[in-house]
Amino acid sequence: MINKLLQSSGFKRISIFIVIAVIIYAMRSMINLILLTFIFAFLMDRLVQFIGKKIPLNRKLIVIISYACIVGLLSYGLIMYLPMIAGEITALIKQLTTFYTSKHDNFVLNYIVTRIEEVKISSYLEQGVTFILKYFTDISKITLQVLLALLLSLFFLLEKPRLIEFTKKFRTSKIASIYVEVEFFASKFVRTFGKVIEAQLIIALVNCILTTISLWLLDFPQLGGLSIMVFLLGLIPVAGVIISLIPLIIIAYSIGGLMKVLYVGIAIAIIHGVEAYILNPNLMSSKTNLPVFYTFIVLIFSEHFFGVWGLIVGIPVFVFLLDVLEVTETKKV
């Protein structure tokens, strides 16, 4: 009975999955590079495929031109707008700090601030500022990881057909049985994780554009800093909208009182409706439509175990596990 269990395909698949998970955990110090390389390679591959359908050019030429354009735009944006964005983010933090530390005429606001002080929210803010400062201190390390990820993804896309052809040789090797299972997990991972990350990115970008236009119409200051904040928080499913709403409401009250808060609330509600009823159904398959309770539980646990990356990749990883376990129906992309 035990021998039969050990020789079963299900046991072998689970064993290989555990080994892969242990290997990834052992390489956790490189998780930034691994995830960035995968995300860049996946997104750029989709872009190259899209361009290749529209313009009949050599694939390698399309890859080189695409990367040159992306790197050029990023470099131009950093040189031209980074000082301005940094200044706006600093002003934004000062504005939020001033609101938090000053007394207000509104009794409800004073009560809320008092309650926040009782739960020592300032300690959490201090931790957040420390975290941001640490990342800015390690900016050279992060920049190096991004450049390495771009370089690795570039080499991957340039040699993708050759890599696929070479990798297929393992099917007839002495580790063919292991290769089949690894290929199974890899195809599932690309199909689910990659698709959800792509959808999250598009949704965050659309939300950022719509929110920035709304804030511009409402005469909000520091639009550059607010846009970056909305985009980054938009990468967090469901919770990102709620988190980004808090500073927007505070700024709205500071510059225009309760009426401005009402206008912001209406604008965000409309944008969230566009996301929920137009973007999500078209960009996400039904299998990623998780109940809100599950979404928050996954975000809480993934943030605890994986930190900031957990907030972004927690849901895609969970969807990948659901797909592997065949909890929901898989739709091919």
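Angles over 145 degrees between helix axes count as roughly antiparallel. The legends below describe a predicted model.

**View 1. Helices H9 and H10 pack side by side in opposing directions, roughly antiparallel.** Their axes lie 8 Å apart, at an angle of about 150°. That angle is over 145 degrees, so the pair counts as roughly antiparallel. The crossing of H9 past H10 is right-handed. On the H9 side, the contact includes Gln200, Leu201, Ala204, Leu205 and Asn207, along with Cys208, Thr211, Thr212, Leu215 and Trp216. H10 answers with Leu223, Leu226, Ser227, Val230, Phe231 and Gly234.

**View 2. Helix H10 and its buried residues.** H10 runs over residues 223-234. Its twelve residues should span 16 Å at 1.5 Å a residue, and its end C-alpha atoms are 16 Å apart, so the two values agree. Buried positions in H10 are Gly224, Gly225, Leu226, Ser227, Met229, Val230 and Leu233. Met229 also reaches beyond its sequence neighbours within four places: it contacts Ser244, Pro247 and Leu248.

**View 3. The largest nonpolar core, with 20 residues.** Phe220, Leu226, Met229, Leu248 and Val264 touch the most other members. Five helices each supply at least two residues: H9 (176-217), H10 (223-234), H11 (239-283), H12 (292-306) and H13 (308-324). H11 gives the most, with seven residues. A second core of 13 residues is separate from this one. Leu33, Leu36, Ala204 and Trp309 are among its members.

**View 4. Helices H2 and H9 cross roughly perpendicular to each other.** H2 covers residues 9-26. The axes of H2 and H9 come within 10 Å and cross at roughly 70°. Angles of 65 to 115 degrees count as roughly perpendicular, so this pair falls in that class. The crossing is right-handed. From H2, the residues involved are Lys12, Arg13, Ile16, Phe17 and Ile20. In H9 they meet Ser177, Ile178, Glu181, Val182, Phe184 and Phe185.

**View 5. Thr37, a buried residue in helix H3.** H3 spans residues 31-54. Thr37 has 16% relative accessibility. Buried means under 20%, so Thr37 qualifies. Setting aside neighbours within four places in sequence, Thr37 is in contact with Ala149, Leu152 and Ser153.

Key:
Residues numbered from 1 in each chain as written. Predicted model: local features only at pLDDT ≥ 70, side-chain atom pairs only at ≥ 80, totals over all residues. Heavy atoms only, no water. Core = buried A, V, L, I, M, F, W, Y, C linked by side-chain atoms within 4.5 Å. Buried < 20%, exposed > 50% of the residue type's maximum accessible area, 1.4 Å probe, protein only. Helix = DSSP H or I, 4+ residues; strand = E, 2+ residues; numbered from the N terminus. Contact = heavy atoms within 4.5 Å. Expected span 1.5 Å × (residues − 1). Axes fitted to C-alpha atoms, helices over the stretch in contact; angles between N-to-C directions. Parallel < 35°, antiparallel > 145°, perpendicular 65-115°, else oblique. Left-handed = near helix turned anticlockwise from the far one by under 90°.
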